[in-house]
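Trainee: I have a new model open and would like to learn to read it feature by feature. Where do we begin?

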Amino acid sequence: MIFEQRILRGSAVARAVAGLVLAGSSAVAQDNRVVLENTPTRMRGFETAQTYHAGTLELSVGTSQTSPGSGPGTGLQTYYGGGSYALSDRFMFGLEFQDFNDPAAGPINGSTPLIEMSTLALWGKMSLYQGERLSVAGLASIESVLNLRSPIWNGSVPHFLIGAIKAPISYQVNDSFALHLTPGVTFMPDSVNGRQFYGDTIGSVGVGASWKAGRRLSFGASVEAPISGTNTIASDGSYKKVPVWTVSGRYNVTPKTALEGYVTNGYGMTPATSILTFWPVGDEVLAGLRLIYTPGAARPDSYRGVAAPVTPAQKSLQLDGFTLGGADTLEPGTLRFSGWYGSDNNAGVLLGFSPDRDGEIQLIFEQYSDNPTASAGLVPTTDVRFMIGPKLRFMDQNNGNAFSLAGRALYGRRITGFGQKTGVFFAEAMASYQAPNGRAVFTANPKIAAFGNTEIAGVGLGVNIRATDTLDLIAEVTPVALDGSTPTWAAGLRYQLGDSGLSVDAQATNAIGRFGIGSMVAQDDLRVSVMLSKTFGVTGLKFY
């Protein structure tokens, strides 16, 4: 990667910390347009009295899950997504969907039942009072349980309505710290299919606190306790009251994009289901991750200020390596299509899109090598499987940081064949450093994958040599641990066809695949493959 500017002088460690945490290193002046820097409107499913200013659009997607060992595949997951829009400074509305289709985390009435529950929620929230420190809001939701199926409730239940009314109160102690009190009432039927359900009304009171550690980093905690009705199914099948607790943290990757992580014993994200604990008992700890995006031309693009022009070498690095991820993301408004085929029937396609700076969404379909010398216990399937997830860049050497740093999470599942379609969770961090001569880029790529009781981790190391203005030479190796033992490696070249956006990869490797867990599973026989990539500028889809 050839930069137009040299790396700034100074301590690399100090500059790395500053780039991630200190607001003082940001080139963007703080203002109310960056809504992600304000007190949160919601902490997981716990409402505060905060509302967005007029015209703010929020989109979010996420998942919460138990540990992989508590269930088949990658564990027990709830998937959710939705959005909200502020019609005025006082009123906003939203639409959300969540889905769960897995067994309970433990036995109920002597067996571990499968539970399917899909919920669609429409809600509105109005600011009722906004003082210098005290804020009061009202929220109401109407929600449809589109699908409920479980032996607990005698099989499949026709869709029915639930809802909630909440009156969050927030007190701003100072610019960084706020306290929240949220009384609420949730409406649910007391029986479905002739079986007991949670009850007509669940009265609750929640307390919480939020703290801004800096412009980009904030934390929150909440406890919501039922005071009437029940919100938990016990192991003996009875219904009980158990407080729902959540501890969360949020990091603003850009002024428009945030990543929220949390731990909780709660099940739902919608206003009505947020009072429910996970099944059974409510003592199972779930970890969750939510990606929040607030597009808008009025908001700054980056905390690093105006981006430097991208070079052809950087465009090559945006395509990742052969088995290693890269720390660069596509330019905003860029669409990428890649297709590859190799020996032992490894093939795949990738579709990537960058709606804004430092962020990319990737959808991958890949069929791993069917070579029998790969460890069968590490190969989730040789059928076609999909992988989808975000790639976020936290630091950018081309724009003033000591090195580039990104992270990617991919969730994958088999989509063809019969039987259980085992899911695999994969996460990785990518750090790269450009040598002062501008011709060599060194990459470190720790990664981990898990499905069922199988776990494999590795630390990939790679080098990319810019041999000419259009040719890259790439070499990679990934030592592995946990259930893996044989390192994977790859070597080859990438050729760019001028400014056409086309590039061709040719590589030799012992890995069964390019992406996800396949990049860490080795086979005895050498494989070769070729990949063709094309990038398109679709600036009409750029969301700023």
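**Strand pairing, core and pocket**

Mentor: Begin with one bridge: I165 has V185 as its bridge partner in β11. Keep in mind that this is a predicted model.

Trainee: Which strands does that bridge belong to, and in what sense do they pair?

Mentor: β9 and β11 (residues 177-187) pair in the antiparallel sense, over four bridges. I165 also has a partner in another strand: A140 stands opposite I165 in β9. There the pairing is between β7 and β9, which run antiparallel and are joined by seven bridges.

Trainee: Is β9 largely enclosed or open?

Mentor: Count its buried residues. Buried means under 20% relative accessible area. Five of the seven residues of β9 are buried, so the strand is largely enclosed by the rest of the structure.

Trainee: How should I read a nonpolar core?

Mentor: The general idea is short. In soluble globular proteins, nonpolar side chains tend to be buried together. Now the case here. The largest nonpolar core has 28 residues. Those that touch the most other members are L148, W153, F160, F197, Y198, I233 and W279.

Trainee: Which elements give two or more residues to this core?

Mentor: They are β6 (114-130), β7 (134-150) and β9 (160-166). Of these, β9 gives the most, with three residues.

Trainee: W279 is in that core list. What kind of peptide bond joins W279 and P280?

Mentor: A cis peptide bond, with omega at about -15 degrees. P280 itself lies in the loop between β19 (257-264) and β20.

Trainee: Next, the faces of a strand. What pattern should I look for?

Mentor: In a regular strand the side chains alternate between the two faces of the sheet. Take β15 (residues 217-226) as the case. S218, G220, S222, E224 and P226 point to one face and are buried. L217, F219, A221, V223 and A225 point to the other face and are not buried.

Trainee: Which residues sit on the buried face, then: the nonpolar ones or others?

Mentor: Read the names rather than assume. The buried face includes S218, S222 and E224, while L217, F219 and V223 are among those on the face that is not buried.

Trainee: How many bridges join β15 to β14 and to β18?

Mentor: β14 (residues 201-212) is joined to β15 by nine bridges, and the two run antiparallel. A hairpin of four residues links β14 to β15. Within that pairing, V205 has A225 as its bridge partner in β15. With β18 (residues 244-252), β15 shares eight bridges, again antiparallel. F219 has its bridge partner, G249, in β18.

Trainee: Now pockets. How is empty space found?

Mentor: Rolling a probe the size of a water molecule over the atoms shows where empty space is left. Here the largest pocket holds about 710 Å³ of space. Its lining has 27 residues, and G62, T63, I388, P390 and Y411 lie nearest the centre. By class, 18 lining residues are nonpolar, seven are polar and two are charged.

Trainee: Which strands each supply at least two residues of that lining?

Mentor: β3 (57-65), β4 (77-86), β20 (286-293), β24 (385-395), β25 (404-414) and β27 (440-451).

Trainee: And which domains does the lining draw on?

Mentor: At least three residues come from each of domain 1 (12-293) and domain 2 (312-537). The C-alpha centres of these two domains lie 33 Å apart.

Trainee: Last, backbone angles. Which residues other than glycine should I check for a positive phi?

Mentor: Two cases. N154 has a positive phi of about 65 degrees. It lies in the loop between β7 and β8 (155-157). D320 has a phi near 70 degrees. D320 is in the loop between α2 (312-317) and β21 (334-342).

Trainee: Are N154 and D320 buried, or exposed in some degree?

Mentor: N154 counts as partly exposed because its relative accessibility is 46%. D320 counts as buried because its value is 4%.

Trainee: What about D524: buried or exposed?

Mentor: The cut-off for exposed is over 50%. D524 has 65% relative accessibility, so it counts as exposed. D524 is in strand β33 (residues 522-537).

Note on methods
Residues numbered from 1 in each chain as written. Predicted model: local features only at pLDDT ≥ 70, side-chain atom pairs only at ≥ 80, totals over all residues. Heavy atoms only, no water. 1 Å grid on protein atoms, 1.4 Å probe; cavity = no way out; pocket = protein on both sides within 12 Å on 5 of 7 lines; lining within 4 Å. Points joined across faces, edges and corners; volume = space filled by probe spheres on them. Nonpolar A, V, L, I, M, F, W, Y, C, P; charged D, E, K, R; others polar. Domains from an automatic or database assignment. Buried < 20%, exposed > 50% of the residue type's maximum accessible area, 1.4 Å probe, protein only. Pairing = 2+ DSSP bridges. Core = buried A, V, L, I, M, F, W, Y, C linked by side-chain atoms within 4.5 Å.
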